[in-house]
Amino acid sequence: MPEGIISLQNEENENINLDEGEPFEAAFRFSNILPYDFNGPLNVRYTFSNQSSQNERTETIQIPVIGSGESADFNLPIETIGDLGLNDLEVFVNPGEELEQYYSNNRILLEGFYNVVRDEVNPAMDVTFDGVYIMDGDVVNAQPLIEIELKDNNQFKFKTDTAGVELFLSENVQDAPVNQIFFSDPNLTFTPAGEGQNYKVQYTPPELSDGMYTLRARAADASGNLAGDDYVINFEVINESTITNFYPYPNPFSTSVRFVFTLT
């Protein structure tokens, strides 16, 4: 009867640290060391075990028929989302399905094979009105496109939901309520992050009346890290066409002057 032996082929086999979401593969070789062929393809059963959560998941693949003196190389993809901390990997080729002299050398147990590290870096958040950054108290359009862009350093774990993202808008008058804008509002949409694409939230409020308003925004990345303190900005809406904040400089002047003004 044939006799197979499994061996690990990764150059790195200890102290493997992976960011959550980072892809990784474990490489193995199964060799038939006796002059007898296996009868057919062999099943490979492998189990991932997280030492912290005790969660386990088992999957199977097949490798082709292995003749006398032949070997088969195979890779096992490792998913790291949700498996923070140390993880064990057990691989069992031909788990008793085809007769061999011994099965002990078909199995390999790698305890603490890899460590998944939690992302603890805060993302950056950009907030623009109609595509520009505004100063506190600036005059804006009565229906501005407010866009929040989340820039995360984690290139493996993308934010694809609305968890941890909150938007509030209130008018600066006495006893005015602070209104949270929920994602059920058709004027509030989001674009999930992806390869080369940052997470974005877009909100266009109904036409605002004249007055001062306050926008408050907070956002967290896919790991729950907040983008620092809440972003808070005051802005003004003036629906009438006016020229305000008219500042000539230098003042006084002799030969030339420049003008700065706000056109609503």
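Which side chain meets Arg29 in a salt bridge? The partner is Asp73, and the N to O distance is 2.7 Å. Keep in mind as you explore that this is a predicted model.

**Salt bridges across the chain**

Let's stay with that pair for a moment. Arg29 belongs to strand S3 and Asp73 to strand S6 (residues 71-78), so to speak two distant parts of the chain that are linked although they lie 44 residues apart. Arg29 counts as partly exposed, with a relative accessibility of 31%. Asp73 is exposed, because its relative accessible area of 51% is over the 50% cut-off.

In total, the model has 10 salt bridges. Here are three of them:

| Pair | Closest N and O atoms |
|---|---|
| Arg29 and Asp73 | 2.7 Å |
| Lys157 and Glu20 | 3.1 Å |
| Glu166 and Arg218 | 2.2 Å |

Now look at Lys157 and Glu20, which form a salt bridge. Lys157 sits in the loop between strand S11 (146-151) and strand S12 (166-171), while Glu20 sits in the loop between strand S2 (16-19) and strand S3 (24-32), so this salt bridge ties together parts that are 137 residues apart in sequence. Are these two residues buried or exposed? Lys157 is buried, with a relative accessible area of 15%. Glu20 is buried as well, at 5% relative accessibility. Both count as buried because their values are under 20%.

The pair of Glu166 and Arg218 also links distant parts of the chain: Glu166 is in strand S12 and Arg218 in strand S16 (residues 211-218), 52 residues apart. Glu166 is partly exposed at 27% relative accessibility, and Arg218 is partly exposed at 26%. These two residues have company, too: salt bridges with shared partners join Glu166, Arg216, Arg218 and Asp230 into one network.

**An open sheet**

Next, find the open sheet of 5 strands. What is the order of its strands? The order is S2-S8-S7-S4-S5, and the pairing is mixed. S2 and strand S5 (56-63) stand at the edges with a single partner strand each, so one side of each has no neighbour in the sheet. On average, neighbouring strands in this sheet are turned by 30° against each other, direction ignored.

Edge strand S2 is a good place to zoom in. S2 runs parallel to strand S8 (residues 107-117), and 4 bridges join the two. In this pairing, Leu18 has Val116 in S8 as its bridge partner.

Methods:
Residues are numbered from 1 along each chain as its sequence is written. This is a predicted model: local features need pLDDT of at least 70, side-chain atom pairs count only at pLDDT 80 or more; totals for chains, interfaces and linings use all residues. Side-chain values use heavy atoms; hydrogens and water are left out. A salt bridge is a side-chain nitrogen of Lys or Arg within 4 Å of a carboxyl oxygen of Asp or Glu. Buried means under 20% relative accessible area, exposed over 50%, partly exposed in between (1.4 Å probe, protein chains only). Two strands pair if DSSP finds at least two bridges between them. Axes are lines fitted to C-alpha atoms, for helices over the stretch in contact, and angles run from 0 to 180 degrees between N-to-C directions.
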